[in-house]
Structures are given as structure tokens and as C-alpha cells.
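Good morning, everyone, and thank you for making time for this. I would like to take you through one structure this morning, so please have the picture open while I talk.

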Protein chains: 2
Amino acid sequence: MNTHITTIKDFYFKHNRLPSYREICTLCKYKSTRSAKLLIDKMEDTGLVERDGKKIVATELLGSLPVLGRVEAGFPAPAQEELLDTMTIDDYLVPNKSATYILEVSGESMIDAGLLPGDLVLVERGKPAKNGDIVIAEVDGKWTMKYFFQKNSRVSLEPANKNFRTIYPTQELKISAVVISTMRKY
Amino acid sequence: MNTHITTIKDFYFKHNRLPSYREICTLCKYKSTRSAKLLIDKMEDTGLVERDGKKIVATELLGSLPVLGRVEAGFPAPAQEELLDTMTIDDYLVPNKSATYILEVSGESMIDAGLLPGDLVLVERGKPAKNGDIVIAEVDGKWTMKYFFQKNSRVSLEPANKNFRTIYPTQELKISAVVISTMRKY
DNA sequence: TGACAAAGTAAACACTTGTTTACTATACTA
DNA sequence: TAGTATAGTAAACAAGTGTTTACTTTGTCA
């Protein structure tokens, strides 16, 4: 039954771990661990769980959210709310977990880039900055978040807001991180 | 040792599960499971893991990212890059996992709200819309994402872009979801 | 109705689990 | 220097683990 799988999913969300065969028996009212094993086998075929040796481990799929189609935000358009794919937010936003940090945006200098005050940006340290990247830079001893541009070894840090000025670092410039993704909560 | 904890963290990221005491012994070159238990005890005190009966379960902390301070995006300001807190992106963005879906933004009608084409929005179904919320609405049989406003039972769906017009639903209007958070990847 | 596949039961298997007790080595402080 | 926490070792424990084999029930479809 598919309901049994959602039962296990619920258990996983609640306990942050997968149930054992015996626990599955209790949850699904099985009387034999064999049935539990067959259920897990099926979930392994679906890719919901996988086996690490004899251990059963949840995959990204089990902890994922359904992804729907795109909304036509420009004008009303028919967009079937079909399930396209599922994904884990963490895995989508964070490619390199060990070098990734979160910063909170304050100020409005990047507002035209869709970065509002209070937004959180995920930055990756040690990543080389390319033209057009949004970077966290330490310029003349102070921190800032700006577009990064380099032309003939001349670096400019440009805001995404007409009311702010482009910065041309004079003394020391250290690109400490590159913005790889952003998120906002309402 | 603190390095032993990061060893376990690495194992957790790699295998999506915590190591057993015997595996910890191998990882940390312990010769007794007692040492492994003491390590886990310490991690439990720190809140990195917790016990579900006899089972050891990773908490949000173990799968979390370090959160730094805020960047003064408006103008260069001294912002110590101190670790403020740690958080899991999933838990931050998704309060109600079972009713949350992901949609991709297309079009530019919400651009002044910091929603660019290609952004992903997390929407929650069945949540009542309040004035000022960004909603996914099915109006006159078509889908759209707009600001929701209601004044004396008269509903208006307003874009965040001067070049688009406010929609006043005539026939059927169905608020199918409320935008609770957004994310963007560069 | 009968054949057949899928799902469930029961019991036993070898193995791993976290825990505990008693003891030893190391590090640090008064 | 002696005393004392802290960290590590060794061995044994009961309980729980996933797996397997043989059998029974259930459901489906020609």
C-alpha cells in the first residue's frame, strides 16, 4: 500500500530516522518483519531509501518537497499544477556544504538584484569571483556586498541601486566570499 | 577532541546516517566502544545528537550551516564575521512540510518585490491569505502570482511592477496557495 | 472456476546494537 | 608531589537488527 509509505515518511519526519522492521510492523500493523522488508525493498526500488551495508538510509527523496511547474507571474497563464520533480532545498542551494555560510542582507544597495533587506544569502568562501558575481568584499577594512567586475586588473564593486555609488577599491581588497544563492521568508 | 566530532559530522554528511559505536571506534581509532559512547554523550549535551529510545539520532544542528552576521549592503560597514547561530535551511524556509510546494517564477510582474524570473517560491496550500501576502491565485481559470488585497469583499491582485495592471477578478477566484518563502540560485 | 502472482505469517538465524562494570593511563591542579 | 578528574581499555550483557526459508492467505484476471 502507498499509505504505508507515507506512514513511514511521517515517522521519518517525526523521529528524524527510519523505523526498524519491527517498528514498521507496529506502524503498519504487520505481523511479520518479512512484510516490513518487502515494503523497504519496494521503497528502495523507488529510490526513497537506500542500503548502506545492512543499514537502511533515507535518501534525499524522502526528505524532499514536491516541485510544481512554473507560475506565469507576468500574466495569467494556464499552468497545470503538475508535479515536475522533487528536490531537497539544502541540496539545491548548497553545493559545497563545508565552505558555505549564511549572511543577512541589510541596506538597499542590491535591491535591483532582487536582494531586499532581511534576505539571507548563502555565500561560499574561497570561490574565485567572476565578472557579474555578487560578492562579499572587504574593501579598505570594511565589509560590503556588491556586484564584482574586473577590467584590466581594475576592480569595481557596483551596487544594484541607482542611489548608491560604485566603489573602486583603493588600498586593500579581499573577496572573502561569492554569493551562490539567496532566500527570503515572509 | 573536537576533531572527533567533525569526523562524525563528515560521516553523517557522507552516509546520511550516524555511525554506530563500533564504526566510531574505527573512525576515531578508539579501541573501546566506551569511548564512543562518551563522545556521543558529549554530543548529546551539546545538542548535536539526541536519543530516541536507545537509538541515536542527529538533530538539526548536525545538518546545519553556520550563520554569520549581517552584511551592510547599503554601505561598507564593519561587520565582524562572527558565528551567530546555526540553522537548517529546510526548517527555516518550510514550517509546514506536508502542505508546502515549490513553484518557479516566470515573468517580471513581481520584480519590485524582489522576485525575479527563475526564482523558486515555496507556497503553502490552504493557508488563509492576508492583505499584502503574495498569493498563487486561479482567477478566471488562469494562474497568477500577485499581491493579495481585500477591501470590503472586493479583492484586488496587484503586481509589483508598474508596467503591469492590477487584476480585479470578475468571475471565479481561488487562492490556491500563499507564498511563504523564496529562494534563488546563481 | 482455476491458475498464478502478490502480500502476509511464523519462526529461526547470525550478527550488530548501545550499555555497563571494573580497571588503567593520562592530564591537570592545588 | 599527591590527588583527582578526564579519557581510554577490555570484556561481557541483553536486546534489537536485517535477513532468510517455508508456508498461508488474498486478490486478480483469463
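Let me begin with the surface near DNA strand D, where the largest share, four residues, comes from H3(B). Please keep in mind throughout that we are looking at a predicted model.

Who else takes part? The elements that give two or more residues to the surface near DNA strand D will come up in a moment, but the contacts themselves deserve a look beforehand. In the side chain of A:Ser20, an N or O atom is 2.9 Å from a phosphate oxygen of DNA strand D. Turning to the bases, a base oxygen of the strand is 3.1 Å from an N or O atom in the side chain of A:Thr33, and a base oxygen is 3.5 Å from an N or O atom in the side chain of B:Arg34. The elements giving two or more residues to this surface are helix H2 (21–28) and helix H3 (33–46) of chain A, together with helix H3 (33–46) of chain B.

Which residues come nearest to DNA strand D? Of the 17 residues around the strand, they are A:Ser20, A:Tyr21, A:Arg22, B:Lys31 and B:Lys55. By character, the residues of this surface divide into two nonpolar, five polar and 10 charged, and on the DNA side, 53% of the strand's atoms within 4 Å of the protein belong to sugar or phosphate, while the rest belong to bases.

Finally, a word on chain A as a whole, whose secondary structure comes to four helices and 10 strands, and in which buried residues make up 46% of the 186 residues.

Methods. Residues numbered from 1 in each chain as written. Chains lettered and ligands numbered in written order. Predicted model: local features only at pLDDT ≥ 70, side-chain atom pairs only at ≥ 80, totals over all residues. Heavy atoms only, no water. Near = heavy atom within 4 Å. Polar contact = N/O pair within 3.5 Å; in protein donor to acceptor, adjacent residues only side chain to side chain. Nonpolar A, V, L, I, M, F, W, Y, C, P; charged D, E, K, R; others polar. Buried < 20%, exposed > 50% of the residue type's maximum accessible area, 1.4 Å probe, protein only.
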